[in-house]
Amino acid sequence: MDLHLNDLTLVYPDGDAVLTAVDGVTLHVPAGTTTALLGPSGAGKSSLLAVAAGLTRPTSGNVAFGEQVVLTSSTSRADATRVRLERVGIVFQAPQLIASLTALEQIELHAHLGGRRPASVRDEAMQLLDAVGLAEQAHRRPAHLSGGQRQRIAIARALVGRPDVLLVDEPTSALDHDRGTLVVELLTSLAHELGAATLLISHDASTLGSVDATVRIVDGRLAEADSLV
Amino acid sequence: MFVALRELRYARGRFALISAVVVLVAALVTFLSALTAGLARASVSALTDLPADHLAFGMAAHDDKPDLTSSRVTRDQWEQWSWVSGVRHAEPLGVVTTRASAHGTTVAVTALGVRAGSMLAPGGAPTSGHVVLTQRGAMALGVAGGDGLAIDGVALTVSRVVDDDQQLAHTPVVWVWLDDWQTFGARDGDGGPVATVVALDTDGSAMLPAADARVGTTTVPIADARSAVSSFTAENLSLTTMQAFLVAISALIVGAFFTVWTIGRQGDVAVLKALGASTRYLLRDALGQAALVLVGAVAVGTALAAAAGSALADVMPVLVSPATTVAPAALLVVVGLVGAAAAIARITRTDPHAALAAR
């Protein structure tokens with residue numbers, strides 16, 4: 001299902017003034033493709049991702065999955081939470097794994113949050129761990145995994161339940177170039193395989209050889225048009 | 001409780017620590033509760049075990065608080081009570097704490113004077129010149145049925161020893177004939193026989209206030225008559241206050257632990273919210289975790305205290321019963337959960353946006 005960001009604006013109060021973090025952004029990410037959002041620090045990349053994920057309500061504009069508008073300035077927190085649970089996968093800048101859970105449980109957690117038995121997604125979870133090359137580490141906790149392994153677990157966690165949209169926040173920031181490139185390649189291939197519309201934020205264009213499109217954002221505005229490679 | 005159970009296993013050191021504290025508090029509260037009940041029994045069981053539901057006190061002034069040491073009722077008063085409609089039995093009861101001696105041993109006892117044929121003494125009232133002793137009194141004096149003893153210098157014979165363990169003000173009970181009791185128990189007598197109170201067995205229909213006004217007595221239910229024993233109120237209040245403080249401290253300890261614990265996992269909570277966990281799910285998970293810790297630790301602490309209380313029952317006045325074990329345990333769990341809930345409530349304020357920050 002395609003991701004549509006329609007004329008999104010996000011304004012923060014900033015002391016006595018206001019700060020426009022996202023300024024009328026319109027972006028279309030087709031299902032199964034990956035669009036990278038590049039920009040300098042403070043350009044509004046993370047703010048745009050937060051709005052797209054329903055973590056922050058937009059001041060105006062909306063987010064649509066396919067033809068369905070799912071997030072607007074009036075969407076309740078509970079509704080936004082439900083959208084994230086059922087339709088969005090998020091990969092954070094840091095892996096943000098739960099220290100007490102094994103790699104397998106990090107993925108099974110999604111089923112429990114949705115009111116299902118964790119074991120009901122065990123096969124899918126093992127397939128995802130296999131897809132990210134960590135099936136052997138299924139019963140290890142984060143403390144016993146490397147940084148790259150943790151990030152791959154986080155990718156597997158974001159993809160369980162086959163989300164319509166995958167939002168990825170600087171997944172390579174803590175990795176060297178080669179490992180960063182591999183992580184982006186993994187993401188794009190899995191997004192393609194699972195049909196998820198993927199928006200990937202990055203500050204490092206050198207790792208983005210495998211993405212389908214890149215978009216630059218400056219001062220909250222898109223500087224270049226969506227350009228599918 | 002998917003995350004909660006795994007956190008318990010993962011952070012077992014921290015949870016073992018708080019569990020140990022709760023175990024100790026629960027053991028202390030339960031033991032104090034059993035001790036309070038045991039001391040209360042030693043203080044007033046001679047009254048509360050009476051086959052009666054009310055006691056009529058004869059106080060000097062109508063608005064005087066009922067008190068065993070100053071109460072006095074006359075033959076005329078107990079006879080009037082026996083004619084009150086709804087009163088099945090009205091039996092005079094003399095109460096006095098005095099000394100009993102036998103075989104060179106002197107102990108403090110409470111002599112309860114009853115009429116011949118009275119239903120108040122266990123197994124029947126003693127006859128003239130005889131006494132009925134409780135097991136505790138017999139052991140203290142080293143006497144058995146048929147032996148002689150002296151109460152306040154009056155020579156009497158032990159007719160039998162009963163298994164009942166009634167005490168008053170921590171002294172064993174000696175049942176004596178009311179006429180014998182007059183010689184060492186009557187105070188300020190005007191020549192006629194007196195007693196301390198009238199024990200009433202009513203059918204619930206008696207108009208007690210009206211009868212009190214007519215007879216010149218003050219009637220209270222047996223349970224309330226405990227406060228007529230001067231040592232009971234002070235003793236009971238002290239121990240109950242200690243228990244209340246311990247319960248409050250327990251709630252604070254549990255609340256403080258879960259405050260620190262919840263602050264420490266704010267990052268995880270933000271991530272869980274960002275992944276789609278509802279606030280209700282997270283609150284249920286965290287409160288379930290607190291409930292598991294509390295129920296487990298309180299159960300262990302209560303069991304330990306109950307076992308210790310049972311083992312020490314022969315040498316200490318402890319009373320182990322559901323009221324002194326299950327009730328305080330339930331109170332500790334409920335109060336602990338309130339403390340935990342107050343701490344866990346901060347989960348509702350955690351912003352899932354925080355998950356985007358690197359940590």
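**Note on a predicted two-chain model**

1. Chain A contains six helices and 10 strands. Its radius of gyration is 17 Å, close to the 17 Å that the globule rule gives for 229 residues, so chain A is as compact as a globular protein of that length. The structure discussed here is a predicted model.

2. The C-alpha trace of chain A extends over about 50 × 40 × 35 Å along its principal axes. Of the 229 residues in this chain, 56% are buried. Where contacts in chain A join residues at least 6 apart in sequence, 67% of them link residues at least 24 apart.

3. Chain B has 11 helices and 12 strands. For a compact globule of 359 residues, a radius of gyration near 21 Å would be expected, but the value for chain B is 29 Å. Its C-alpha atoms occupy a box of roughly 95 × 50 × 25 Å along the principal axes.

4. In chain B, 50% of the 359 residues count as buried. Of the contacts in chain B with a separation of 6 or more, 80% involve residues 24 or more positions apart.

5. The surfaces and charges may be described chain by chain. Chain A exposes about 9,400 Å², with 47% of that area supplied by carbon and sulfur atoms. For chain B the exposed area is about 15,400 Å², and carbon and sulfur atoms supply 62% of it. In chain A, the mean positions of the 18 positive and 26 negative charges lie 9 Å apart. In chain B, the mean positions of the 23 positive and 27 negative charges are 19 Å apart.

6. The two chains meet in a contact to which chain B gives 25 residues and chain A gives 28 residues. Between them, they bury about 2,500 Å², of which 64% is on carbon and sulfur atoms. Phe2(B), Leu275(B) and Leu356(B) supply 30% of the area that chain B buries against chain A, more than any other three residues.

7. Helix α9 of chain B, residues 266-275, deserves separate mention: eight of its 10 residues are buried, and the helix is mostly covered. Leu275(B) is one of these buried residues, and Asp268(B) and Lys273(B) are also among them. The cover over the buried residues of α9(B) comes from both chains: it includes α2 (77-87), β6 (88-91), α3 (103-113) and α5 (147-159) of chain A, together with α1 (2-10) and α10 (279-312) of chain B. Directly after α9(B), Gly276(B) adopts a positive phi of about 115 degrees.

Notes:
Residues numbered from 1 in each chain as written. Chains lettered and ligands numbered in written order. Predicted model: local features only at pLDDT ≥ 70, side-chain atom pairs only at ≥ 80, totals over all residues. Heavy atoms only, no water. Helix = DSSP H or I, 4+ residues; strand = E, 2+ residues; numbered from the N terminus. Rg over C-alpha atoms; globule rule 2.2 N^0.38 Å. Buried < 20%, exposed > 50% of the residue type's maximum accessible area, 1.4 Å probe, protein only. Contact = heavy atoms within 4.5 Å. Areas by Shrake-Rupley, 256 points an atom, 1.4 Å probe, with all protein chains shown as cover. Lys, Arg positive; Asp, Glu negative; His and termini not counted. Charge placed at Lys NZ, Arg CZ, Asp CG, Glu CD. Buried area = accessible area lost by both parts, 1.4 Å probe.
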